[in-house]
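Reader: I'd like to go through the labels on this one and ask what stands behind each of them. Could you take me through it?

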2 protein chains.
Amino acid sequence: MSSRRADSVREALEQMIVTGDLVNGERLDETSLSEQFGCSRTPLREAFQSLAASGLLELVPHRGAFVRHPDLGEMIEMFEVMAELEAFCGRLAARRVTTQDLADLCKTVTACEDAAARNDSDRYYAENEKFHHLLYKASGNGFLADQAKQLHRRLKPFRRLQLRVRGRLQQSLSEHRIILNALEQGSEDDVAAALRTHVAVQGGKFNDLMASYKNFHLTGT
Amino acid sequence: MSSRRADSVREALEQMIVTGDLVNGERLDETSLSEQFGCSRTPLREAFQSLAASGLLELVPHRGAFVRHPDLGEMIEMFEVMAELEAFCGRLAARRVTTQDLADLCKTVTACEDAAARNDSDRYYAENEKFHHLLYKASGNGFLADQAKQLHRRLKPFRRLQLRVRGRLQQSLSEHRIILNALEQGSEDDVAAALRTHVAVQGGKFNDLMASYKNFHLTGT
DNA sequence: GTCAATATTTTTGTATACAATAATAGATTT
DNA sequence: AAATCTATTATTGTATACAAAAATATTGAC
């Protein structure tokens with residue numbers, strides 16, 4: 001854990017943005033925020049830089065930092081890329097996965113099912129994230145894993161919305177099993193296909209996403 | 001063009017890093033660099049943040065900013081991802097490309113061939129970059145296009161190395177034609193396959209890359 | 001009353017000053 | 001002489017002060 005003030009400010013701001021606490025287009029005032037965080041403008045501005053790099057803020061020279069929430073179209077674009085990245089991870093993993101990886105993945109899938117059965121949503125999200133991170137790692141491509149992790153993180157708030165939809169959770173769980181089975185059999189195409197349907201926003205998922213998006217506290221761009 | 005000092009410093013530093021002017025692992029001293037650039041540490045540190053976000057620097061708390069060149073393994077990983085991203089761009093483009101896009105692409109391919117024939121390497125690189133950027137745009141997925149552009153930019157210095165290899169340039173040119181043809185015919189699979197072989201580091205390309213990598217002024221990690 | 005030009009204020013960008021942490025060198029002990 | 005602890009130095013992190021740019025308000029002309 002870094003004791004840099006700038007880092008904790010970054011995290012706090014990120015939280016405020018992804019939870020919708022800060023609405024789209026809002027300008028972040030340096031002075032008032034620095035008062036709120038009890039620090040000077042310097043660490044705040046460092047946090048701005050970092051957030052802008054991950055696309056959560058837009059820095060306009062001499063005008064300030066503006067909150068940038070993806071609109072529905074961008075969100076779909078991001079899911080489209082995420083699906084492809086995960087499918088590629090899966091394809092590589094099908095070739096390179098170790099028995100240890102498989103054991104870890106299996107354990108996590110079970111933990112996920114268990115958490116869902118107990119309605120322990122926090123644990124469900126944690127285990128679900130672990131499952132995906134393990135998959136990325138199993139690809140054997142560290143750079144790919146990093147990229148996937150980054151995007152996965154960025155899509156976190158929206159995935160949460162999707163899973164509120166009735167029946168989506170059970171479906172998601174069974175998809176985990178399908179992915180795992182395909183991995184064990186080492187069939188690249190099956191793994192890739194399973195992951196595409198697991199992640200992609202298509203068919204009914206599109207309508208679900210649109211509905212939940214509207215319920216989210218985002219102002220349209 | 002932004003008149004922010006921090007931005008121009010960022011660009012200058014990036015150039016120094018990718019050209020190998022700054023070797024791997026080197027620590028960037030804030031005071032001496034700020035003297036060199038004739039500015040204070042503040043804009044310099046902003047540039048550091050930005051460069052760290054794109055992976056060119058590693059920021060270690062209370063210890064400084066360290067130049068981070070990818071080693072051969074990471075480079076291959078990045079090319080592996082680049083190939084897949086481009087293939088996906090191509091796949092989408094095959095479905096969504098407009099006649100205008102095709103015309104622009106065709107013009108750029110011709111310009112590329114022309115530049116190569118005249119041994120105008122600067123223009124060749126410019127037109128080649130344009131070709132790829134047009135392809136990303138033709139995917140109709142703005143987020144994907146951004147991601148692809150970012151990675152393409154990061155791989156720029158290494159691509160330059162690869163093209164020094166005898167015969168590689170002519171091959172690259174003919175691959176452009178193949179890609180363009182496949183796009184015109186709208187066959188997703190052909191476009192994707194053509195782009196994978198165009199970008200991926202495989203077969204003979206691997207040895208070429210390894211040889212040129214060693215010639216590069218990088219210290220091993 | 002509306003528009004335009006100018007003055008004022010506000011806000012961002014940069015420089016500098018200070019504080020905190022890590023690296024280094026030197027002294028002390030075994 | 002080697003190792004360890006301490007004092008010193010150097011370097012990063014943060015706060016504040018100043019400069020430059022943009023936004024806003026005010027004044028004047030039509």
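**Labels and what backs them**

Author: Sure. H152(A) has a relative accessibility of 2%, so it counts as buried. Keep in mind that this is a predicted model.

Reader: What makes H152(A) "buried"?

Author: The cut-off for buried is under 20% relative accessible area. H152(A) comes in at 2%, so the label follows. H152(A) sits in helix α7 of chain A. Leaving aside neighbours within four places in sequence, H152(A) is in contact with M82(A), E86(A), E129(A), H132(A), H133(A), Y136(A) and R159(A).

Reader: And why is S2(A) called partly exposed?

Author: Buried needs under 20% and exposed needs over 50%, with partly exposed in between. S2(A) has a relative accessible area of 26%, so it is partly exposed. S2(A) is placed in the segment before α1 (5-18) of chain A. Beyond four places in sequence, S2(A) is in contact with D7(A) and P61(B).

Reader: How do you know that T108(B) counts as buried?

Author: Same test: the limit is under 20%, and T108(B) has 3% relative accessibility, so it counts as buried. T108(B) belongs to helix α5 (residues 99-117) of chain B. Setting aside neighbours within four places in sequence, T108(B) is in contact with E127(B), K130(B), F131(B) and L134(B).

Reader: Which numbers describe how α7 of chain A and α7 of chain B cross?

Author: Both helices span residues 142-163; their axes come within 14 Å and cross at roughly 145°. The crossing of α7(A) and α7(B) is right-handed. On the α7(A) side the contact is made by F143(A), Q147(A), L151(A) and R154(A), and on the α7(B) side by F143(B), Q147(B), L151(B) and R154(B).

Reader: What makes up that contact of α7(A) with α7(B), by class?

Author: Four nonpolar, two polar and two charged residues.

Reader: L151(A) is on that list. What is L151(A) in contact with, beyond four places in sequence?

Author: M78(A), V81(A), M82(A), L85(A) and F143(B). L151(A) also turns up in the largest nonpolar core, which has 50 residues; F79(A), L151(A), F79(B) and L151(B) have the most contacts inside it.

Reader: Which helices supply at least two residues each of this core?

Author: α4 (72-96), α7 and α10 (204-215) of chain A, together with α4 (72-96), α7 and α10 (204-215) of chain B.

Reader: Last one: how is chain A divided into domains?

Author: Into domain 1 (5-67) and domain 2 (72-215). Taken over C-alpha atoms, the centres of domain 1 and domain 2 of chain A are separated by 30 Å.

Conventions
Residues numbered from 1 in each chain as written. Chains lettered and ligands numbered in written order. Predicted model: local features only at pLDDT ≥ 70, side-chain atom pairs only at ≥ 80, totals over all residues. Heavy atoms only, no water. Helix = DSSP H or I, 4+ residues; strand = E, 2+ residues; numbered from the N terminus. Buried < 20%, exposed > 50% of the residue type's maximum accessible area, 1.4 Å probe, protein only. Contact = heavy atoms within 4.5 Å. Axes fitted to C-alpha atoms, helices over the stretch in contact; angles between N-to-C directions. Left-handed = near helix turned anticlockwise from the far one by under 90°. Nonpolar A, V, L, I, M, F, W, Y, C, P; charged D, E, K, R; others polar. Domains from an automatic or database assignment. Core = buried A, V, L, I, M, F, W, Y, C linked by side-chain atoms within 4.5 Å.
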